[in-house]
Each structure stands twice: as C-alpha cells, then as structure tokens.
Amino acid sequence: MAGEDVKKEGGKRNVFNSTTVRSFCPLVSGPAVLALMLCFSFSFNPKKTNQGPVSKEGECVGEAWWKDAQCFSACTQASSETSLTQNVSWKGISCYKCLGWNGADPIFDYVETLHGANEPWGAVLDAGTGPNSYPWLLSLPGKTRCDAVTASHSMARLAAAGASKSGNKGPVCNMHVRSWMHDADFLEGQFYDNIIMDYLIGGRLWIIGLEPFPHRDILPAHVSPDLVAVAELRDTAIALSGERPYREFPLLWYHAALQGAGLKHLDATAGFANLYSVQWASHQLREAWAHLQKCKHAAACEGLKQDVKNLEERLKREWGRTERCFGMNFVIAAGW
C-alpha cells in the first residue's frame, strides 16, 4: 500500500518530507503527555468571575464544570492565569481523568467538524501516534491508506490497547515503531492527504497542542504549585532513566514556526481550558515511579522515590474529589 497514489476531489495532496518532520520534531514528544490522559471538551460562552481556580465540595465538581456557566467561567479564568498565551477563544474544557464524563474526545470532534463530515480523509499519516489519536484514526471515514508511527514500543502497545478498548472499527492503520531522529529517510517521498505530527494535523493543517506549564516562580500568588510539582517529578524521573522528557511549546512558538514554514493562519485559535483531577496526578506520579525503577543514579533516585510517594499521598489527602483548572490545550487551523 505504501506509495499508492490516491485522488482527492477538490483537495491538494501533501508530499511527506522528512525535513518537515525534523523541523517540527520538538512537537513529537511534547504533546505525547496527552496520550497518557483523557481529553474531553464542552462548549460554553465564558465570562469573567471572581471564583478561584480550585473546585469546592458541593460547588464545581464533576459535570458542574461543563454544565454550570459560572463554573466554566471560573475554569477558563484560572486556565488563562496559568497559561503563557493570552486572549484565546475558549471552546471548551479538556478533562484529564475528570469525574462524571465518559464520552468521546471532543477535541478530535472539533477537528472533524471543521474538516467536514462528508469530506474523505484519503491517505493519512500519524507521525507520533498514541492511545488517543490511533483509535480516532481507525474511526475516520474515507481512508485509502493509513500509517501510524511512534518511536516507542510502549506507546505502540498503549495505542493498540486504546483502539481495542474504544471498539472503533475501520481500515487497519499500519503501525511502525521508527524514529526520524535515527532514520531521517523513513517514508521519504510518500504522498498523504492528511498528516498528523503528534497533534499536528495536515492537509489544511490542524495543530492541537498543550501549552507548557509555567515555572512555579511566575505562578500567580493564589495558585498552588501542586501540578507543576507533579510535572517536575515526572520529567526528572524520565530524564534520570535515560529517556527524553516531555516537551511542550507555547502557542506563540507554533505561530512563529508556521510562519517560518510559509503557512498562514486560516482560523482564530481555539482554547480548551485544562481541568485536572487527583487521578491524573496519581497516573503521572506512577509513571515517574516506573522510570525511577530504571534509574542508574541510585542515591538521587531513592530520594526522588520518597518525594513521589509523599506528594501522591498529600494530593490524595488534600484534593479528595476536587479538581483544578490549570493551563490549556489549543487548536490552530492553518494552510499554505
């Protein structure tokens, strides 16, 4: 199937070029953290409120975040305060293991709506697949060819498990465990109608990204550094295990990269306020613990193991069923 020529009416095909991947390669491991979480969104018309960013028992808990306009407004305000980029058009909430929601992934739904319900996807490349994007790929209609690439064997297993759990049926996507960092000519010259580079969707390009967590020193005084502490421990553990930590880049960086590549913006940026639960924090800390088991710096890592244990116990004790709005995901539509 590789190299097969596919016609798409009214559309323009993209030649896959490894230079394009290398120019965006910082993105490949950045939003991969999202592959370990569940992202869901809900549409409201947000307004400013004086509520704080942390939910309170009996108030903004579970589905109240997306069903109550005041809770939604409080969430987007808190997300704005903890994001490096300001003045986005809020489209919904991205729930990270939220209470009370088990629906589909509305960020992908948002992309599908803008793509067009009856528009075929043709040949698709997912250059940085995972358990969120891979099941979604299988569900897309009108695919003529599908290749999914990841540099991680464990991510390939998670993607396959995600597809099995989702029950999505469709033409099989060929799974490749390869890295352009070590094999720059992989898939060179192949033609695709849509290219997904982690969360970068091509044809008309849809960029789905995670705004990086701000450093604790620049957080507003009323914002707890708990979520930053979780991310710091996780990334330190990954680095000490000899692997590359997650890397996210702010929205403004994507704007500059797109302009440098000769693309233009077609639509306003859509923001999705991030809502985190203690279940998400525990998942990230368990990942940190697993990487510390492979650490070769015994003394340093033993101390970090205790830090992981202490932080998880404290968050479970202090957070309970509360959830916290912090930072954002974003979607940009762009094209040539």
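This section describes the disulfides and salt bridges of a predicted model.

Four disulfides were found in a search of the whole structure. When the bonded cysteines are counted along the chain, their pairing follows the pattern 1-2, 3-8, 4-5, 6-7. One of these disulfides joins Cys-60 to Cys-71, with an S to S distance of 2.1 Å. This pair links distant parts of the chain, eleven residues apart: Cys-60 belongs to the loop between α2 (26–29) and α3 (64–67), whereas Cys-71 belongs to helix α4 (residues 69–81). The link is left-handed, with -90 degrees about the S-S bond, and both Cys-60 and Cys-71 are buried.

Helix α4 also contains Cys-75, which is paired with Cys-325 of strand β12 (residues 323–335), 250 residues apart. The sulfur atoms of Cys-75 and Cys-325 are 2.1 Å apart. The link between Cys-75 and Cys-325 is left-handed, with -110 degrees about the S-S bond, and both cysteines are buried.

A further disulfide, between Cys-146 and Cys-173, has an S to S distance of 1.8 Å. With 80 degrees about the S-S bond, this link is right-handed. Because Cys-146 lies in strand β4 (residues 143–150) and Cys-173 in the loop between α7 (153–166) and β5 (174–177), the disulfide ties together parts that are 27 residues apart in sequence. Cys-146 has a relative accessibility of 4% and therefore counts as buried; Cys-173, at 2%, is buried as well.

The salt bridges number ten. Among them is the contact between the side chains of Glu-232 and Arg-216, with an N to O distance of 2.6 Å. Glu-232 is in helix α8 (residues 226–240) and Arg-216 in the loop between β9 (205–210) and α8, so that distant parts of the chain, 16 residues apart, are linked. Glu-232 is partly exposed, at 32% relative accessibility, and Arg-216 is partly exposed at 34%.

Helix α8 also holds Asp-226, which is linked to Arg-324 in strand β12, 98 residues apart. In this salt bridge the closest N and O atoms are 3.5 Å apart, and both Asp-226 and Arg-324 are buried.

Within helix α11 (residues 298–319), Lys-316 and Glu-312 lie four residues apart, about one turn of the helix. The closest N and O atoms of their salt bridge are 3.4 Å apart. Lys-316 is partly exposed, with a relative accessible area of 48%, whereas Glu-312 is buried, at 16%. Elsewhere, Asp-226, Arg-314, Glu-318 and Arg-324 are joined into one network by salt bridges that share partners.

Key: Residues numbered from 1 in each chain as written. Predicted model: local features only at pLDDT ≥ 70, side-chain atom pairs only at ≥ 80, totals over all residues. Heavy atoms only, no water. Disulfide = S-S within 2.5 Å. Helix = DSSP H or I, 4+ residues; strand = E, 2+ residues; numbered from the N terminus. Buried < 20%, exposed > 50% of the residue type's maximum accessible area, 1.4 Å probe, protein only. Salt bridge = Lys/Arg side-chain N within 4 Å of Asp/Glu carboxyl O.
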